[in-house]
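Subject: A structure for you to look at

Hello,

I am passing on a structure that is new to you, and I hope you enjoy looking through it. Please open it first and keep it beside you while you read.

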Amino acid sequence: MTHNSLVRALFISILALLLTACGPEDSANTNATTIDNNKTYNWKMVTTWPPGFPVLQEGAERFAKNIQAMSNGRLNIKVYAGGELIPALQTFDAVSQGTVEMGHGSAYYWAGKVPEAQFFSTVPFGMTARGMNAWLYSGGGLDLWREVYKPFHVIPFPLGNTGVQMGGWFNKEINSLADIKGLKMRIPGLGGKVFAKAGGNPVLLAGSEVYTALERNTIDATEWIGPFHDQRLGLYRAAQHYYYPGWHEPGSVLELTINERAWDSLPADLQAIISNAAMAENLRLFSEMEEKNLSALQELKDRPGVQLHRFPDDVLAKLKTLTDETLAEEAANDPKFKRVYDAYQAFRKKDDAWTDISEKAYLAMEK
Ligand code: CA
């Protein structure tokens with residue numbers, strides 16, 4: 001074990017001791033007749049990421065390795081990428097049904113089944129990673145998330161964040177709303193709905209099809225993640241206009257999901273190791289993503305042909321108005337969606353007021 005990982009393991013163990021009194025471990029079944037403190041657990045985790053997917057799949061695998069180290073081999077988690085054990089988008093169902101004990105993905109993938117889950121990953125013009133962590137860990141967001149997943153027997157934990165994404169690659173300049181009319185863009189989820197209201201033509205495409213579609217002009221534009229993953233996919237070779245900011249994904253929270261019965265079968269110390277390893281990896285993955293993006297941005301700017309643009313203010317303002325309308329419509333049609341929407345908006349309003357005079361004001365200063 002390296003010095004750094006030893007320090008981290010010690011830190012997390014101490015945290016675990018301090019924190020065993022909070023979180024879902026409160027509800028742990030500590031009945032000594034059913035829990036064997038010396039038992040070795042061999043679990044499976046499935047993810048929504050392609051095999052070897054940098055940062056995201058790597059983060060899930062590092063998390064599993066750390067748990068093995070911290071538990072001294074009492075909890076071993078074998079991690080499978082999307083498609084290795086089950087199809088990527090069946091992760092939530094597999095955890096819910098107990099086919100596997102754990103999953104890693106993002107809550108908006110389950111929007112078809114649980115529309116309000118989207119607030120626990122990201123919504124257009126929503127909170128960034130900083131605000132989401134504040135809401136989830138300290139502002140009641142995580143408790144609400146657990147209530148939302150409870151009927152599915154799934155327990156969620158934040159486990160990583162993409163940071164503010166990029167607006168995407170376009171094969172022409174976007175100078176006004178008129179340039180969006182009829183534009184075929186790969187943009188999923190709520191962002192896609194808003195884009196359609198703005199006159200665009202959102203297209204659903206799996207990640208593996210994005211590059212070829214853009215290169216062959218089957219689509220005019222695509223969003224993906226941030227500079228690091230965008231560069232790796234080679235999108236700069238297929239379109240040259242690179243837009244920011246990623247209004248549609250201001251900081252997608254990644255999630256760890258655990259089958260409730262599997263969780264209840266664990267002794268309290270292993271539960272504490274999992275919750276605190278998840279919190280550590282939440283920070284580690286996000287930090288790695290930020291570092292890789294800032295390096296990749298420089299590389300992309302140095303590539304001949306790549307043109308970096310900010311979306312025009314009036315385009316962003318219109319997209320914001322259409323986002324507010326879209327969210328309000330969904331809330332009006334669905335009480336479960338409305339409940340989470342109301343909680344999210346209440347926190348976000350206070351968060352906006354605070355960031356206006358803290359982080360936003362600070363970053364806007366001349367330095
Ligand atoms: Ca994206």
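Below is what was found, starting with the metal site and moving on to the helices and some backbone details.

A word on how to read it: this is a predicted model, in which local features need pLDDT of at least 70 and side-chain atom pairs count only at pLDDT 80 or more, while totals for chains, interfaces and linings use all residues. Residues are numbered from 1 along each chain as its sequence is written, and side-chain values use heavy atoms, with hydrogens and water left out.

**The calcium site**

The calcium ion has its protein donors in Gln-165 (OE1), Glu-223 (OE, listed twice), Trp-224 (O) and Glu-249 (OE), at 2.1 to 3.0 Å. Donors here are N, O and S atoms within 2.8 Å of the metal (3.2 Å for Na, K and Ca); water is not among the atoms, so sites may look incomplete. Along the sequence, the donor residues follow the spacing Q-x57-E-W-x24-E. Glu-223 sits in the loop between β8 (221–222) and α8 (227–232), and Glu-249 in the loop between β9 (241–244) and β10 (253–259), so this pair ties together parts that are 26 residues apart in sequence. The names of helices (H or I, at least four residues) and strands (E, at least two) come from DSSP runs, numbered from the N terminus. Glu-223 and Glu-249 are both buried; buried means under 20% relative accessible area, exposed over 50%, and partly exposed in between (1.4 Å probe, protein chains only).

**Pro-245 and His-229**

The loop between β9 and β10 also holds Pro-245. The peptide bond from Tyr-244 to Pro-245 is cis, with omega near -5°. Most peptide bonds are trans. Pro-245 is partly exposed, at 30% relative accessibility. Leaving aside neighbours within four places in sequence, Pro-245 is in contact (heavy atoms within 4.5 Å) with Gln-165, Met-166, Gly-167, Phe-311 and Leu-316. Gln-165 is also one of the calcium donors.

His-229 belongs to helix α8 and is buried, with a relative accessible area of 2%. Not counting residues up to four places away in sequence, His-229 touches Phe-53, Pro-54, Val-55, Leu-56, Trp-224 and Met-289. Two of these come up elsewhere in this email: Trp-224 gives its O to the calcium ion, and Leu-56 is among the buried residues of α2.

**Helix α2**

Helix α2 (residues 56–70) has 15 residues and spans 21 Å from its first C-alpha to its last, close to the expected 21 Å. That expected span is 1.5 Å times one less than the number of residues. The buried residues of α2 are Leu-56, Gln-57, Gly-59, Ala-60, Arg-62, Phe-63, Ala-64, Asn-66, Ile-67 and Met-70. Of these, Arg-62 has a relative accessible area of 17%. With residues up to four places away in sequence not counted, Arg-62 touches Glu-281, Arg-284, Leu-285 and Glu-288. Arg-62 and Leu-285 are 223 residues apart along the chain, yet their C-alpha atoms are separated by 9.6 Å.

**How α12 packs**

Which helices does α12 (residues 335–357) meet? One is α5 (residues 141–149): the two axes come within 11 Å and cross at roughly 170°. Axes are lines fitted to C-alpha atoms, for helices over the stretch in contact, and angles run from 0 to 180 degrees between N-to-C directions. α5 and α12 are therefore roughly antiparallel. Angles under 35 degrees count as roughly parallel, over 145 as roughly antiparallel, 65 to 115 as roughly perpendicular and the rest as oblique. Leu-144, Glu-147 and Val-148 of α5 meet Arg-339, Val-340 and Ala-343 of α12.

Another is α11 (residues 313–333), which packs against α12 at about 135°, with the axes 6 Å apart. This pair is therefore oblique. The α11 side of the contact includes Lys-320, Leu-327 and Ala-328, and the α12 side includes Pro-335, Phe-337 and Arg-348.

**Positive phi angles**

Most residues other than glycine have a negative phi. His-153, in the loop between α5 and β4 (154–161), has a positive phi of about 60°. Asn-217, in the loop between α7 (207–215) and β8, also has a positive phi of about 60°. Asn-72, which follows α2, has a positive phi near 55°.

Best wishes
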